[in-house]
Structures are given as structure tokens and as C-alpha cells.
Amino acid sequence: MQIQKVYKYKLCPNATQKGIFRRWLGACRFVYNLCLEHRICHWQSAGNNLTEYSQNRELTLAKKEPGFEWLSEPHSQVLQDVVRRVRLSFDNFFRGAGFPQWASKHSWHSFRFPQAHNGSIRIEGNRLKLPKIGWVKFYCHRPCEGRIKQVTIKKQAQAYFACILVEQCHEPIPASESQAVGIDLGIARLATLSTGEWYANPELFQRFGPEVKRLQRKLSRQEYQSNGWKKTKRRLSQLYAKIKRCRRDYLHKASTAIVRRYSAIVVENLQLRNMSRSARGTVSQPGKGVRRKSGLNRSLRDVGLGQFLDMLEYKCRWHGRSFKRVDPRYTSQKCSSCGHTCPENRLTQSEFRCVDCGQAGHADVNASKNIRDLGRISGSQYEQSPRALPVSA
Ligand SMILES: [Zn+2]
């Protein structure tokens with residue numbers, strides 16, 4: 001089976017290459033804002049939309065204008081990709097998303113080589129060849145397998161990364177256990193399986209929290225925009241980036257372990273947006289339990305449940321497993337052995353005891369059994385959900 005996968009490597013560019021990256025990012029940002037402005041002006045005067053094609057033509061002309069020669073420095077396809085991004089953000093806007101935002105130094109962090117044809121981008125050892133930039137060294141923490149399709153250069157917390165999209169042949173691994181497994185997701189336990197095993201919350205805030213707090217306190221005492229303030233700010237963003245990497249790593253390991261073992265996986269269809277919506281409410285109708293809910297919001301982000309489900313989903317597809325999301329209503333109150341459903345079954349957050357048949361156990365295990373059974377009832381065919389986009393290694 002052919003699959004697409006993204007490898008992400010940390011680059012170690014030299015001073016010249018860092019300068020190139022910085023200038024290219026600036027040029028991309030400029031082109032984005034220029035295209036956005038043109039689209040707005042054109043809409044106001046002509047009442048219709050500029051096309052990507054005509055904007056690309058304008059871009060070619062703009063490069064010849066006196067004073068804009070620097071626009072010729074970045075690779076032409078890199079800038080054309082920016083024009084595409086403008087078009088996509090307008091497409092999203094017409095589908096109901098917000099109006100495209102101006103690109104600022106703080107919001108614009110990446111550029112992309114959309115085509116890697118006939119070896120214009122290639123890897124040799126720990127060096128990556130980029131068109132018009134040349135060989136850039138990177139930390140090769142794992143071999144990059146497959147045919148390179150496109151490369152995105154990203155700046156994150158003062159460091160540059162290359163996200164390499166490849167197409168590769170994938171050999172599905174046969175499942176070691178043929179049974180279906182239900183997974184209950186939560187804050188205290190990241191994932192509880194219907195077999196009784198469970199994965200803990202990565203507890204990153206417990207691990208990094210003191211350091212985050214220390215830096216935040218330091219930052220608040222420093223003079224805004226002073227050199228010391230900027231330094232602390234940089235260290236804080238580096239720490240956040242590290243937390244994010246640790247979380248991803250943990251989720252990847254847990255999801256791979258689950259997908260390798262079971263042939264069918266049933267999960268609850270989490271309404272993450274509702275769960276993490278701010279409880280603050282409005283001025284006239286203040287929300288209840290604001291402090292508690294914002295703590296919950298933080299731990300939700302901390303565990304990254306949505307990301308975990310996405311990983312399970314695409315890994316299931318890679319390995320030919322069936323994957324199903326089911327409606328989790330009443331799964332925490334229903335007895336998995338007799339089906340009696342009432343809130344009294346749930347003694348505490350973690351304890352379950354059926355008032356009808358007396359079955360007792362961990363509440364999350366009971367819920368995951370219900371989830372597994374729901375998946376059986378509604379058939380165990382893999383369902384393609386519209387959220388099955390991110391593919392990453
Ligand atoms: Zn019961």
C-alpha cells in the first residue's frame with residue numbers, strides 16, 4: 001500500500017543559510033499580504049474574486065518592478081505556494097471560516113517547496129539539498145524512507161525544522177490479537193482499554209510545570225521588551241516546544257502499541273471543541289466553575305486527546321485495521337455486563353458498581369467495554385471520517 005508520511009528533522013543551518021531562511025520568510029510574508037490586499041481591493045472595485053492564476057502572473061510582474069528585485073531571491077515555486085495559501089484561506093473563508101488574517105512576523109513561520117521533481121530535493125547522509133539554498137545539515141535521528149514529494153521549512157522556537165513529505169510502500173503488520181478493543185479516553189488515564197490495561201496521562205505539566213511557572217514569574221518581573229525579557233521569552237517558547245515534542249512522542253508510542261496488537265479499535269467520538277470551550281461565559285451571563293474548567297482545559301491540552309485519536313485513525317488505515325468512533329453517551333453510567341443504566345452505578349470518578357447485578361470494577365474499564373460493544377452493534381467497518389487528514393511520523 002502506498003502511504004504518505006511526514007518526517008520532521010531539526011536543521012542545523014550555518015549563519016548564511018539562517019540569513020536565507022529569514023529573508024525568504026520575510027518575502028513570503030510580504031507576498032501573502034500583497035496578495036491579500038489585492039484581493040480585497042479587487043473585490044471592492046470589481047465585485048469578484050481574483051484567481052490564483054492571475055495573482056501568480058502579477059507576482060511575476062512585481063518581481064520586475066524597480067525596488068522589488070529581492071523578490072527574485074526565493075525559489076519561484078516557494079512564492080507560488082504562498083499565492084496558493086492565500087487562495088486556500090479565501091476558500092476556507094467562503095466555507096464559513098474567519099476572514100484571512102494579515103501575516104505578521106509573529107504568525108508567519110514557514111515556507112514550502114511544493115514539488116520535489118527529478119531530484120531537486122534530496123538527502124545524502126545528514127545533509128538535505130534544497131533548491132537555491134544548497135546543502136543544509138540536519139540531525140538525522142531516523143532514516144527518511146520513500147520518495148520525497150515536498151518539503152516545508154518551519155521555524156519553531158528559534159530553531160529551524162524540515163518537514164519532509166514522502167510517499168512510501170507500507171507493509172501492514174498483522175494484528176497479534178484478533179479481538180476488537182474499546183478505548184475510553186480521559187484526563188486521569190489517557191486511554192483505558194476494554195482488556196483492562198491502561199496508559200497513563202503523560203503528566204507533562206507535572207514534569208515541566210515548575211520550570212514553566214518559574215520562567216513565567218521571571219518574565220512578569222522583567223521590563224517589557226527589554227533584552228532580559230526577550231531572553232526569558234525565548235527560553236519559555238523553547239520549553240513549550242519541548243513539552244509539545246514530548247507529548248507527541250508519548251502519543252505516538254501509545255497509539256502504535258495499540259494499533260499493532262488489535263485488529264479492530266473502537267473509540268468514543270469526543271466533542272473536544274465543546275469540552276474545551278471556555279467556561280468564562282459573557283458579562284451578563286458569567287459561566288460557572290471558571291477556575292475549575294480552565295484547569296480542565298489546560299489538562300485537556302496537556303494530554304492531547306484529539307491528536308491521539310487522529311494518530312490511532314491513520315495508523316489503523318496504514319495497517320488495515322478497522323476503526324470506529326461511537327457516540328459515548330451513557331457509556332460511563334451503563335453496566336457492561338447487564339446493561340442497567342443509571343447515574344448511581346458510578347460511585348466515584350474511578351469506581352463502578354452496578355446497583356442491579358452488583359458487577360464492580362474500574363469505571364473507565366467498564367466504559368471502554370461499553371464502547372467496544374457499541375462498535376460491534378453498529379458493525380465494525382472502518383469509517384472514513386472527515387478529520388482523517390494529518391499524517392505524520
Ligand atoms: Zn449490572
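Begin by selecting Gly320, just after helix 8: this glycine takes a positive phi of about 70°. The model on screen is a predicted one, and the tour runs from this residue back through helix 8, then to the zinc site, the cores and the aromatic rings.

**Helix 8**

Select residues 305-318, which form helix 8. The end C-alpha atoms of this helix are 20 Å apart, and its 14 residues should span 20 Å at 1.5 Å a residue, so the two values agree. Now colour the helix by burial. Helix 8 is mostly covered, with twelve of its 14 residues buried. Among them are Leu305, Gly306, Phe308, Leu309, Asp310, Glu313, Lys315 and Trp318; charged residues therefore appear in the list beside nonpolar ones, since buried here means under 20% relative accessible area. Keep Leu305 and Leu309 selected and add Val181 and Leu185: these four are included in a core of 25 residues, the second and separate one of the model.

**The zinc site**

Next, centre the view on the zinc ion. Its protein donors are the SG atoms of Cys335, Cys338, Cys354 and Cys357, at 2.2 to 2.3 Å from the ion. Which arrangement do the four donor atoms adopt around the zinc ion? They subtend angles of 108 to 111°, which makes the arrangement tetrahedral. Along the sequence, the donor residues follow the spacing C-x2-C-x15-C-x2-C.

Trace the chain between two of these cysteines. Cys335 sits in the loop between strand 12 (322-326) and strand 13 (351-353), while Cys357 sits in the loop between strand 13 and strand 14 (360-362), so this pair ties together parts that are 22 residues apart in sequence. A surface display separates the two: Cys335 is buried, at 1% relative accessibility, whereas Cys357 is partly exposed, at 40%.

**The largest nonpolar core**

Move to the largest nonpolar core, which has 40 residues. Select Leu11, Phe21, Phe111, Phe113, Leu130, Val151 and Ile153, the residues with the most contacts inside this core. The elements that give two or more residues to the core include strand 1 (2-10), helix 1 (15-46), helix 2 (52-64), helix 3 (76-94) and strand 6 (147-156). Helix 1 gives the most, with ten residues.

For a closer view, select Ile153 and show its surroundings. Leaving out residues up to four places away in sequence, Ile153 touches Leu11, Phe21, His109, Ser110, Phe111, Phe113, Leu130, Tyr160, Phe161 and Ala162. One of these, Ser110, deserves its own selection. Ser110 lies in strand 2 and counts as buried, at 11% relative accessibility. With neighbours within four places in sequence set aside, Ser110 is in contact with Leu25, Arg85, Thr152, Ile153 and Lys154.

**Helix 3**

Select helix 3 and view it from the side. Its 19 residues reach 28 Å from the first C-alpha to the last, close to the 27 Å expected at 1.5 Å a residue. Which residues of helix 3 are buried? They are Gln77, Val78, Leu79, Asp81, Val82, Val83, Val86, Ser89 and Phe90. Helix 1, helix 2 and strand 2 are included in what covers these buried residues. Past the helix comes Gly96, with a positive phi near 110°.

**Aromatic rings**

Display the rings of Phe, Tyr and Trp; the model holds 17 aromatic pairs. In one of them, the rings of Trp24 and Phe111 have centres 5.4 Å apart and planes at 55°, so the pair is tilted. This pair links distant parts of the chain, with Trp24 in helix 1 and Phe111 in strand 2, 87 residues apart. Both partners are buried: Trp24 has 0% relative accessibility, and Phe111 has a relative accessible area of 1%. Another tilted pair is formed by Phe93 and Phe94, with ring centres 5.3 Å apart and planes at 50°. Phe93 is partly exposed, at 28%.

Finally, select Phe21, Trp24, Phe111, Phe113 and Tyr160 together: ring pairs link them into a cluster.

**The whole chain**

Zoom out to see the whole protein, whose secondary structure comes to nine helices and 14 strands. Of its 393 residues, 41% count as buried. Among contacts between residues at least 6 apart in sequence, 67% join residues at least 24 apart.

Technical notes. Residues are numbered from 1 along each chain as its sequence is written. This is a predicted model: local features need pLDDT of at least 70, side-chain atom pairs count only at pLDDT 80 or more; totals for chains, interfaces and linings use all residues. Side-chain values use heavy atoms; hydrogens and water are left out. A nonpolar core is a set of buried Ala, Val, Leu, Ile, Met, Phe, Trp, Tyr and Cys residues joined through side-chain atoms within 4.5 Å. Buried means under 20% relative accessible area, exposed over 50%, partly exposed in between (1.4 Å probe, protein chains only). Helices (H or I, at least four residues) and strands (E, at least two) are DSSP runs, numbered from the N terminus. Contact means heavy atoms within 4.5 Å. Donors are N, O and S atoms within 2.8 Å of the metal (3.2 Å for Na, K and Ca); water is not among the atoms, so sites may look incomplete. Four donors count as tetrahedral if all angles lie between 85 and 135 degrees; four count as square planar and six as octahedral if opposite donors are over 155 degrees apart and all others between 65 and 115; anything else is irregular. The expected span of a helix is 1.5 Å times one less than its number of residues. Rings of Phe, Tyr and Trp (its six-membered ring) pair if their centres lie within 6.5 Å; planes under 30 degrees apart count as stacked, over 60 as edge-to-face and the rest as tilted.
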